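Visitor: I should like to understand how the descriptive terms applied to a model are justified. Please take me through the reasoning step by step.

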Amino acid sequence: MSKSKADKYRKVAYYPGCALEGTGHAYDRSTRQVGKALGLDLVEVPNWNCCGAMEAKNIDPKVQTYLSSRIMSITANKMGMDVVMAPCNGCYHNLKKAEYDLAHDPKSAEVVGQLAGKAGETAYQAGQVESIHALEWIKSAIGEEGLRERIRGGLKGLRVANYYGCMYTRPRHIFPEKDAGPGSESTAKPHFMDDLLAAAGAQNVEFALKTACCGGAHTLSDSDMSTRLVLNILQAAEAAGAEVIATECPTCHSGLEMHQVRAEKRFGKKTQVKIVYFTQLLGIALGLSPRKVGLHENVSDGLAALKRRGAA
Amino acid sequence: MPIHEKSLIRPENLKTHEQLVVDGVDVSGHWSTFIQSRVVTDYNEALQEEIAALPGGEYIHRCWQCGSCTNACTVNAVNPDFNPRYWIYLVRVGMESELLRDKDIIWQCVSCNKCTYACPRDVAPEGVMKALSHWLELKGHTRKSPSMIFDEVFTDQVIERGRIEEGRIIQQFFRRTGQALGQDWLIEMGRRLLRRLPLGLLMRLGLAGVHAPRTRGWARSRAALREYVAQEQSRQRRALGLEDLIEGARRDAAGITHG
Ligand code: SF4
Ligand code: SF4
Ligand code: SF4
Ligand code: SF4
């Protein structure tokens with residue numbers, strides 16, 4: 001590889017995914033705004049499709065492999081690019097899983113080849129594209145140093161619990177670049193979001209449930225289970241002294257918001273901690289207005305917490 | 001023999017005598033507890049092969065019963081009866097009747113992949129849970145779980161138009177599972193959102209509900225995916241010794257009656 005990661009990630013293909021068009025709109029907005037403020041270029045993947053989230057694989061895993069491979073095929077063959085960035089854990093996970101399966105399982109490659117052929121598309125070949133999460137994008141393209149130089153105002157010691165959810169680190173084998181020595185992300189104790197927010201002036205709390213599951217897969221089909229799992233996470237964050245939980249996935253984010261309300265309504269358990277996308281926090285630290293990063297679109301109202309600290 | 005963290009003794013097979021004297025010694029109460037023996041005769045020797053034929057179940061034969069999956073499991077922490085290691089054991093020895101005792105909780109797996117992360121043998125227990133749920137439904141032991149209905153509604157929309165629109169999915173799911181959309185907590189969520197969302201975005205979301213987003217030129221992908229899913233489902237039914245739906249439909253179409 002000739003180009004450094006920082007150069008390579010300066011301009012990447014952007015796969016927002018369905019959730020960012022709906023409930024995760026504020027995440028889309030703040031991701032784009034932060035990219036702009038940092039001088040990074042996002043080129044949206046044209047005519048993208050849904051990756052199938054956590055559902056398509058339960059109908060048939062290779063349906064999901066095809067759906068994600070189509071995104072990587074467009075990136076490589078139509079856009080001529082070699083990095084695609086997804087802010088959604090679900091999209092990111094599925095891209096990585098498709099990459100792994102296509103590289104290691106001949107049957108997957110065969111089925112995807114057939115499906116792409118019938119659809120009149122060029123089949124994606126493993127290795128053409130590198131799929132990254134929004135966290136890796138900012139961490140590698142800008143880094144903590146670069147971020148510190150650009151901070152205007154900062155987060156003023158806001159106490160943050162960093163919540164990564166399931167799909168960013170599990171299962172380990174689809175993320176070969178993680179747990180790969182100094183500087184790499186950890187699957188057991190991820191820290192990229194912690195690093196970025198610390199550089200932006202946050203005070204990260206010791207939070208044991210970073211990669212706990214919120215029960216997102218059954219958010220509507222087994223709501224009591226999801227509410228219990230979310231309540232655990234919210235209470236642990238509060239016990240650790242967090243004012244805010246930072247999220248990096250639209251599904252995790254809306255899961256926490258939704259079941260915070262549900263825990264209050266159904267179980268009579270009220271929690272005060274606010275749920276904010278890490279890109280919203282970064283944007284505010286960079287001097288963008290709360291409106292610009294869509295803070296008013298969140299169900300959980302984080303503005304007061306930021307104001308209390310004098311960060312917004 | 002593997003070590004079980006769960007007892008195989010059924011509570012109803014534990015017998016205790018309130019009053020019992022044996023050879024002049026009083027052994028009343030729990031002193032006289034004994035286990036009524038039971039004989040299992042309905043082993044299904046094909047069970048492991050059936051599960052392995054379903055997506056996710058392929059690697060079940062690798063399991064060495066270490067228990068790491070159950071130990072790491074999110075749902076097990078909430079419900080101790082949810083026990084992936086134990087179910088894998090039952091499948092491997094073919095104890096179908098024992099497995100069926102837990103048929104109504106297997107679908108609860110939240111796909112967090114903690115088990116797959118922990119498993120030293122790459123069994124991918126998360127996949128096995130999905131295969132078990134499919135198997136239970138295909139064999140008619142359970143009705144379609146709400147979770148499976150959600151997966152179907154979701155995947156159907158992706159295959160149909162290339163993209164999903166969340167509002168539509170929620171509506172369809174509530175309709176198919178016969179739940180009212182007017183749940184107190186959903187209304188509260190909506191209320192908090194409405195209070196805060198700018199009018200422009202609300203209109204955009206409303207429009208997405210009317211003109212659902214779609215991927216352009218998707219027709220050929222749709223046809224290819226539909227054909228593939230139908231083929232796979234037929235193959236799975238055959239592997240379980242069930243009637244092939246495609247064959248059945250063809251026969252019906254040709255006017256041949258079931259003999
Ligand atoms: S995972 Fe979610 S956001 Fe990503 S494409 Fe699929 S539905 Fe859309
Ligand atoms: S934490 Fe919840 S939404 Fe996030 S990846 Fe896990 S189950 Fe999905
Ligand atoms: S994926 Fe399912 S079985 Fe595995 S740990 Fe999570 S809930 Fe348990
Ligand atoms: S962790 Fe893997 S090997 Fe161990 S019991 Fe579970 S499935 Fe079997």
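Visitor: Where is the place of B:Ala124 in chain B?

Guide: In this predicted model, B:Ala124 belongs to the loop between α6 (114–118) and α7 of chain B.

Visitor: What makes B:Ala124 count as partly exposed?

Guide: The class of partly exposed runs between 20% and 50% relative accessible area. B:Ala124 has a relative accessibility of 22%, so it counts as partly exposed.

Visitor: What is the phi of B:Ala124?

Guide: Its phi is near 55°, which is a positive value in a residue other than glycine. Such a value is worth a remark because most residues other than glycine have a negative phi.

Visitor: How do you know that B:Gln65 counts as buried?

Guide: Buried means under 20% relative accessible area. B:Gln65 has 12% relative accessibility and therefore counts as buried. B:Gln65 sits in the loop between α1 and α2 of chain B, and its phi, near 65°, is likewise positive in a residue other than glycine.

Visitor: Why is helix α4 of chain B described as largely enclosed by the rest of the structure?

Guide: The helix spans residues 84–93, and eight of its ten residues are buried, so it is largely enclosed by the rest of the structure. The buried residues are B:Pro84, B:Arg85, B:Tyr86, B:Trp87, B:Ile88, B:Tyr89, B:Leu90 and B:Val91. Their cover includes α1 (47–52), α2 (68–72), α5 (96–100) and α7 (125–138) of chain B. After α4(B) comes B:Gly94, with a positive phi near 85°.

Visitor: How much of chain B as a whole counts as buried?

Guide: Of its 259 residues, 44% count as buried. The chain comprises 13 helices and four strands. Among its contacts with a separation of 6 or more, 59% are between residues 24 or more positions apart.

Visitor: Turning to chain A, what makes helix α12 mostly covered?

Guide: Helix α12(A), residues 278–285, has eight of its eight residues buried. These are A:Phe278, A:Thr279, A:Gln280, A:Leu281, A:Leu282, A:Gly283, A:Ile284 and A:Ala285. Just after α12(A), A:Gly287 has a positive phi of about 95°.

Visitor: Why are α4(A) and α6(A) called oblique?

Guide: Helix α4 (residues 61–78) and helix α6 (residues 106–119) of chain A pack at about 60°, their axes being 9 Å apart. That angle makes α4(A) oblique to α6(A), because roughly parallel requires an angle under 35 degrees and roughly perpendicular requires 65 to 115. Their crossing is right-handed. On the α4(A) side, A:Lys62, A:Thr65, A:Tyr66 and A:Ser69 take part, meeting residues of α6(A) that include A:Val111, A:Val112 and A:Leu115. The contact residues divide into six nonpolar, three polar and two charged.

Visitor: Why, then, are α8(A) and α9(A) called roughly parallel?

Guide: Helix α8 (residues 143–150) and helix α9 (residues 192–199) of chain A pack at about 30°, with axes 8 Å apart. Angles under 35 degrees count as roughly parallel, and α8(A) and α9(A) are therefore roughly parallel to each other. Their crossing is right-handed. A:Glu144, A:Leu147 and A:Arg148 of α8(A) make the contact with A:Asp195, A:Leu196 and A:Ala199 of α9(A). By class, the contact has three nonpolar, no polar and three charged residues.

Visitor: How do you know that A:Gly157 counts as buried?

Guide: The limit is under 20%, and A:Gly157, at 18% relative accessibility, therefore counts as buried. A:Gly157 lies in the loop between α8 and β5 (159–163) of chain A. Leaving aside neighbours within four places in sequence, A:Gly157 is in contact with A:Gly201, A:Gln203, A:Glu243 and A:Arg309. A:Gly157 and A:Ala202 are 45 residues apart in sequence, yet 4.6 Å apart from C-alpha to C-alpha.

Visitor: What kind of peptide bond joins A:Arg170 and A:Pro171?

Guide: The bond is cis, with omega about -10°. A:Pro171 is in the loop between β5 and α9 of chain A.

Visitor: Finally, between which chains does ligand 1 lie?

Guide: Ligand 1 lies between chains A and B. The residues surrounding ligand 1 include A:Cys50, A:Cys51 and B:Phe154. Its shell divides into nine nonpolar, three polar and no charged residues.

How values were computed:
Residues numbered from 1 in each chain as written. Chains lettered and ligands numbered in written order. Predicted model: local features only at pLDDT ≥ 70, side-chain atom pairs only at ≥ 80, totals over all residues. Heavy atoms only, no water. Axes fitted to C-alpha atoms, helices over the stretch in contact; angles between N-to-C directions. Helix = DSSP H or I, 4+ residues; strand = E, 2+ residues; numbered from the N terminus. Parallel < 35°, antiparallel > 145°, perpendicular 65-115°, else oblique. Left-handed = near helix turned anticlockwise from the far one by under 90°. Contact = heavy atoms within 4.5 Å. Nonpolar A, V, L, I, M, F, W, Y, C, P; charged D, E, K, R; others polar. Near = heavy atom within 4 Å. Buried < 20%, exposed > 50% of the residue type's maximum accessible area, 1.4 Å probe, protein only.
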